[in-house]
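Here is a short briefing to keep beside you while you look around this protein. Take a moment with the view below, then follow the topics in turn.

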Amino acid sequence: MNMSKNWRQSRILSSQHRPANDGEEVPVRKTSMLVCLPPEILVVIAKYLSVKDLLSCSVSCVRLRAVFNDDFIWRRFCKPNIIKYINSTKQNNDVDYNISSLTEDLDPMCNQRINYIQQNQLLLNWKNGKFVEHRVYSASGLYYMCLKSGTAIIYEDIYLFLYDYYAHSIVVWNIEDVPFRYTDIRLLYQNFFYEGLHYEVVGRKLVVFEVGKLIQIYDINLPDKTLPLVSLMLVDQEVPLDKIPGFNSPEDVYAICYHRVIENNIYSYKVGKPILHIWDIEKGTKVRALMPPKEGINFYVLAAANNGNDLVLCLEINDSQRRFNALGKVYEVLTYSFSRDFFKTVWTNKEGSSSVYIPFHAVYHEHFVILFCHLNSYFIEDTSLSKTILVLYDYKWGVIIGEKSFPELVCHRQTKVVNNQLLLATAFCLYGLDLYTLDIVYSFKFDNGKIELLNVFDGNFIVTTPKSLLRVSKTKLKEVWDVKNRRRCMYMTYVFTSAYTNDSVFVNQSFTKMIVVGKGTLGVLNFW
């Protein structure tokens, strides 16, 4: 009888007794029915198991370890953006484990399981505050800045794009190891009102919004140091590269325009003209101009749904009779379907209400839209009113599920949904809300002056700036907290030339680096 027949025979006799040589019955060791299943069935079962369950099964039986030691099973736990980087980059931090010693007497681990171990080591480095830090100080005190948080300003994990105010150029830094100035991009116009300047990296393009309604698109050819201008457009029309406008009239320079980048499209509109212009970033061409279904003042996008096939929009309507409120304006939130060319109103201000809430942001997840509205308090004397309300809308069934009031939110563009929980931050507290009911699942309060939500490992980390040090001259202390375990991971002390300098914190796509940008200071923390 071969080995496989012996194994099946032991399963048959699992509930029986066999006699010993002396006639005494000895119980036979029972075999789990899980082990008896074919490998194909075990692989299907593994799709529903957590990492903890897979490890428990693997240590219980050699056969289960062999079946579960498969790239197909472990791939779903690995984040591609992390694995791609750590497999192509040297590790600066010391390794706390030796994979070969863990499997000395067993078959080698599959590649995806090794990748998961390395990914988990990166997470532990964040939780334990284990990093290698590099700082660069600008002797000339140049003002490097990016004014909008939550946007992508890092390309392929190692190229950082920062704005140099005095040179009016975007500086590309190489942050793979010790940061150094790699190349510069000279912008077309000197924008004295630099608060209106905004830029972000979209795929292999750098999109720059400058001088009101001007949009510049540069092709990123890194590591080649030339980044050519490939597209130039105004809000409503494309401009040939050989006919760059002069922008001498006040209407052009002071034109108030707003732009929003969602996936590979730019959504732009000029204040006072309710037309939404949609541009394709990759092609540099106009997709279409979208008109609202009724007369209005402003018309802008809040979010995209169904892979960009549907839009969530806001229409500002003039209420000259002040029938709705004392402000004389009404805000409606609409959904638009490109395939059906159809608008639907999903939310509007309450008629006769003394408070006016203005929609300013939305988050789309599965078939839910979470609408963010802030209070216009110009005519409001009641300070007890909440400054922000969240409206939960079911996009599939077309109904509003509920509303929730909160104090004023910060870093709303970094808000995300993790495990059916909405993570959002107010000035002094971080909340986790149940996506389906908007009930508070947990809250984490801080006696600090500033909270920044980091989208690292499903938003488990935040950066805080203690209130006591916000106005201390030339010193700023930043703390990084592990939200899940409610403990401080690390703190950093940065010296700036001014105590009132705005500073920003960014994380690259692989979560291996955290960048702290201030006036004349660039800090790079390497966690891998």
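A residue counts as buried when its relative accessible area is under 20%. By that cut-off, 50% of the 528 residues of the protein are buried. Please keep in mind that this is a predicted model.

**The whole protein**
- The protein has 10 helices and 36 strands.
- Its accessible surface comes to about 26500 Å², and carbon and sulfur atoms supply 51% of that.
- Among contacts with a separation of 6 or more, 47% are between residues 24 or more positions apart.

**Helix α9**
- Helix α9 covers residues 111-127.
- Its 17 residues should span 24 Å at 1.5 Å a residue, because the expected span counts one less than the number of residues. The end C-alpha atoms of α9 are 25 Å apart, which agrees with that expectation.
- Is α9 mostly covered or mostly exposed? It is mostly covered, with 12 of its 17 residues buried.
- The buried residues of α9 include R113, Y116, I117, L122, L123 and W126. Q112, Q118, Q119 and Q121 are also buried, as are N115 and N125.
- Just after α9 comes G129, with a positive phi of about 65°.

**An open sheet of four strands**
- Four strands make up an open sheet in the order β17-β18-β19-β20, with antiparallel pairing.
- At its edges lie β17 (298-305) and β20 (342-348), each of which pairs on one side only.
- From one strand to the next, the twist averages 30°.
- Strand β19 (residues 329-337) is joined to β20 by 6 bridges, and the two run antiparallel. If you would like a pair to look up, L334 has T345 in β20 as its bridge partner.
- As a general reminder, strands of a sheet pair through backbone hydrogen bonds, either parallel or antiparallel.

**Strand β28 and its two partners**
- Strand β28 (residues 429-434) is mostly covered, since 5 of its 6 residues are buried.
- On the β27 (residues 421-426) pairing, 5 bridges join the antiparallel strands β27 and β28. One of the residues to find here is L424, whose bridge partner in β28 is Y431.
- Between β27 and β28, which form a hairpin, there are 2 residues.
- Another 5 bridges join β28 to strand β29 (residues 440-445), again antiparallel. Here L430 has F444 in β29 as its bridge partner.
- β28 and β29 also form a hairpin, with 5 residues between them. In that turn, L438 has a positive phi of about 65°.

Methods. Residues numbered from 1 in each chain as written. Predicted model: local features only at pLDDT ≥ 70, side-chain atom pairs only at ≥ 80, totals over all residues. Heavy atoms only, no water. Pairing = 2+ DSSP bridges. Axes fitted to C-alpha atoms, helices over the stretch in contact; angles between N-to-C directions. Buried < 20%, exposed > 50% of the residue type's maximum accessible area, 1.4 Å probe, protein only. Contact = heavy atoms within 4.5 Å. Areas by Shrake-Rupley, 256 points an atom, 1.4 Å probe, with all protein chains shown as cover.
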